[in-house]
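Subject: A structure for you to explore

Hi there,

Here is the structure I promised to pass on to you. Have a look at it first, and then read on for my notes.

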Amino acid sequence: MKKLLLKNLWQTVAAILFLIAVWIVAHKIVGNELLIPNFFDSFSSMGELLVKGTFWQGLGMSLLRALYAFIISFIFGGVLAVIAYLYPTFGGFLAPMVSALRSLPILAVLLILLSFLGAGEAPVAVAFLGLFPMLYTGILAALSGIDKHLIEIGRVCGATKPRRVFAIYLPLSSPYILREAGGALAFSLKLVVSAEVLSNTAKSVGGMMQEAKLYAEIPQLFALVGVAFIVGLLLELSVSLLAEWVEKKVK
């Protein structure tokens, strides 16, 4: 586990350093602070943000919205995926609706949702619409990848469907489901923050981005984007490590 943690940590650090190098080179090429600010100015702005209580309050609210949307999507996607796996007819019935949701222009739908929901609730609804088809498809694929021989053993032993679900299907597919969940959690934060920008949600990372853009505080805008990127990366990395640990336990 320690070796895996160090490997993932070094890979993450290397990716971040590469992106910083690209940023510095792009800044030199463009030569316009209003388009791409100096990296060190943005880094300084990030330091200033980290000591502000309003920043932490906004980050906390954005994370709560992302987590709430993820949990709802994971529950609905997981339950429906298990039912679709057990009853293929139901899966066939659900497939066109999931495909339709996957094709929705999510941020355009936000403009409609804002007419019915507030600026605080609409980002959660938008994230759900983006996450649900992703999680449903991923969990169903993980279940479909289970060794058929093990499934047959469960049937021969006379295990009921609920028992097979909790004793065979979910444990064996859990590492793959967790990997899907890690990406979905990071994606949830991305969707929520994007929706907060368009909704100009108060006390949120997206709202702070909109304010920074309005007042042409470009280094602060890039600093906020950097914070959202790093937090999303850490969320995905944490769940990926959990998936690796669970996979070793299952094996």
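Below is what I found in it, going from the whole chain down to single residues.

**The overall picture**

Please keep in mind that this is a predicted model. The protein chain has ten helices and zero strands, so if you read along the sequence you meet the pattern α-α-α-α-α-α-α-α-α-α. Along its principal axes, the C-alpha trace spans about 70 × 50 × 35 Å. Of the 251 residues in the chain, 40% are buried. The accessible surface comes to about 14100 Å², and carbon and sulfur atoms hold 72% of that.

How much of the contact map links residues 24 or more positions apart? If you take the contacts with a separation of 6 or more, such pairs account for 76% of them.

**The nonpolar cores**

The largest nonpolar core has 36 residues, and F55, F70 and L131 have the most contacts inside it. Several helices supply at least two residues each to this core: helix 2 (39–50), helix 3, helix 5 (106–113), helix 6 (122–144), helix 8 (161–199), helix 9 (205–214) and helix 10 (218–250). Helix 8 gives the largest share, with eight residues.

F55 is a good residue to click on. Leaving out residues up to four places away in sequence, F55 touches L49, L50, M208, L224 and V227.

There is also a second, separate core of 16 residues, and I139, L143, V165 and Y169 are among them.

**A salt bridge inside the protein**

The structure holds one salt bridge. It is formed by the side chains of E196 and R65, with 2.9 Å from N to O. Because E196 lies in helix 8 and R65 in helix 3, the pair ties together parts that are 131 residues apart in sequence.

Are these two partners buried or exposed? A residue counts as buried when its relative accessible area is under 20%. E196 has a value of 0%, so E196 is buried. R65, at 10%, counts as buried too.

**A nonpolar patch on the surface**

Nonpolar residues also turn up on the outside. L67, I71, I75, F76, V79, I83 and Y87 make a nonpolar surface patch of about 620 Å². One of these residues, I75, is found in helix 3 (residues 53–86). With a relative accessible area of 48%, I75 is partly exposed.

When you look at the numbering of the patch, a general point about helices may help. An α-helix has 3.6 residues a turn, so residues three or four places apart point the same way.

**Aromatic rings**

A search of the whole structure finds ten aromatic pairs. One aromatic cluster is formed by W23, F39, F40, F43 and F222. Try showing these side chains together.

**A look at helix 4**

L94 is found in helix 4 (residues 88–103). L94 counts as buried, at 9% relative accessibility. Which residues does L94 contact, leaving aside its neighbours within four places in sequence? The answer is L80 and Y136. You can also check the spacing between L94 and A81: they are 13 residues apart along the chain, and their C-alpha atoms are separated by 9.6 Å.

**Around helix 9**

The last region takes in helix 9 and what lies on either side. In the loop between helix 8 and helix 9 you will find N200 and also K203. N200 is not a glycine, yet its phi is positive, at about 55°. K203 is likewise not a glycine and has a positive phi of about 55°. As for accessibility, N200 is partly exposed, with a relative accessible area of 48%, while K203 is exposed, at 55%.

Within helix 9 itself, V205, G206, G207, M208, M209 and A212 are buried. M208 will be familiar, as it is one of the residues that F55 touches. Helix 9 is followed by A216, whose phi is positive, near 55°.

If you want somewhere to begin, turn to the salt bridge between E196 and R65, and then move on to F55 and the residues that it touches.

Enjoy exploring, and send me your questions!

Best wishes

Definitions and conventions. Residues numbered from 1 in each chain as written. Predicted model: local features only at pLDDT ≥ 70, side-chain atom pairs only at ≥ 80, totals over all residues. Heavy atoms only, no water. Patch = residues over 30% accessible without salt bridge, like charges linked within 9 Å, V, L, I, M, F, W, Y side chains within 5 Å. Areas by Shrake-Rupley, 256 points an atom, 1.4 Å probe, with all protein chains shown as cover. Salt bridge = Lys/Arg side-chain N within 4 Å of Asp/Glu carboxyl O. Helix = DSSP H or I, 4+ residues; strand = E, 2+ residues; numbered from the N terminus. Buried < 20%, exposed > 50% of the residue type's maximum accessible area, 1.4 Å probe, protein only. Core = buried A, V, L, I, M, F, W, Y, C linked by side-chain atoms within 4.5 Å. Contact = heavy atoms within 4.5 Å. Phe/Tyr/Trp six-rings, centres within 6.5 Å; stacked < 30°, edge-to-face > 60°.
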